[in-house]
Amino acid sequence: MSKQKMSTVVKISFGEYIRKLRESANLPLRKIAAELDIDTSTLSKIEKNERNANAQIIDGIARIFHIDKSDLKLRYLSDKISYQLLNEENGLEILKVAEEKIKYQRLQNKK
């Protein structure tokens, strides 16, 4: 991922990104919610980061806005992890350890 793209991913939340996509396309909440087969209030809460999305919603947003699903998953999962570690005193250390564990487990899975 390019440094510029990473910077954009870091600066805004998943919900803010979804809202910007929708507003840039001049689409009302109700229309996108209907496309996703969810309540308007649910989409509103996702945009306000008051509720989590799921795989079905991520797939639907990628389809509706013709964007890369892996980019959406990156935004969503990084938000989820950062919110979980936000108030942890050693959150960055936890991330580093988790990164090493992922590397180790991937190596083990290749064997």
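Okay, let's start with a pair of helices: α2 and α5 are roughly parallel to each other. That label follows from the angle, because anything under 35 degrees counts as roughly parallel, and the axes of these two cross at roughly 30 degrees. Before I go on, a reminder that we're looking at a predicted model here.

So, a bit more on that pair. Helix α2 covers residues 14–24 and helix α5 covers residues 55–65. Their axes come within 11 Å, and the crossing is left-handed. Who's actually touching whom? On the α2 side you've got F14, I18, L21 and R22, and they meet I58, I61 and F65 from α5. Sort the residues of that contact by class and you get 6 nonpolar, 1 charged and no polar.

Let me zoom out for a second. How many helices and strands does the chain have? The count is 7 helices and 0 strands, so if you read along the sequence you just get α-α-α-α-α-α-α. As for overall dimensions, the C-alpha trace spans about 45 × 35 × 25 Å along its principal axes.

Now back to α2, which has another partner I want to show you, and that's α6. Here the axes come within 9 Å and cross at roughly 145 degrees. From α2, the residues making this contact are F14, G15, Y17 and I18. Facing them from α6 are D71, L72, R75, Y76 and D79. By class, this contact has 5 nonpolar residues, 3 charged and 1 polar. If you were paying attention, you'll have spotted F14 and I18 already: they're on the α2 side of the contact with α5, and they turn up again in the contact with α6.

Last stop, and probably the bit you'll want to poke at: the largest pocket. How much space is in there? About 380 Å³. There are 13 residues lining the pocket, and the closest to its centre are L77, S78, I81, S82 and L95. Which helices build the lining? Both α6, residues 69–85, and α7, residues 91–110, supply at least two residues each. The largest share comes from α6, with 7 residues. In terms of chemistry, the lining divides into 8 nonpolar, 3 polar and 2 charged residues.

So α6 shows up twice in this story: α6 packs its D71, L72, R75, Y76 and D79 against α2, and α6 also gives the largest share of the pocket lining. That's my tour, thanks everyone.

Note on methods. Residues numbered from 1 in each chain as written. Predicted model: local features only at pLDDT ≥ 70, side-chain atom pairs only at ≥ 80, totals over all residues. Heavy atoms only, no water. Axes fitted to C-alpha atoms, helices over the stretch in contact; angles between N-to-C directions. Helix = DSSP H or I, 4+ residues; strand = E, 2+ residues; numbered from the N terminus. Parallel < 35°, antiparallel > 145°, perpendicular 65-115°, else oblique. Left-handed = near helix turned anticlockwise from the far one by under 90°. Contact = heavy atoms within 4.5 Å. Nonpolar A, V, L, I, M, F, W, Y, C, P; charged D, E, K, R; others polar. 1 Å grid on protein atoms, 1.4 Å probe; cavity = no way out; pocket = protein on both sides within 12 Å on 5 of 7 lines; lining within 4 Å. Points joined across faces, edges and corners; volume = space filled by probe spheres on them.
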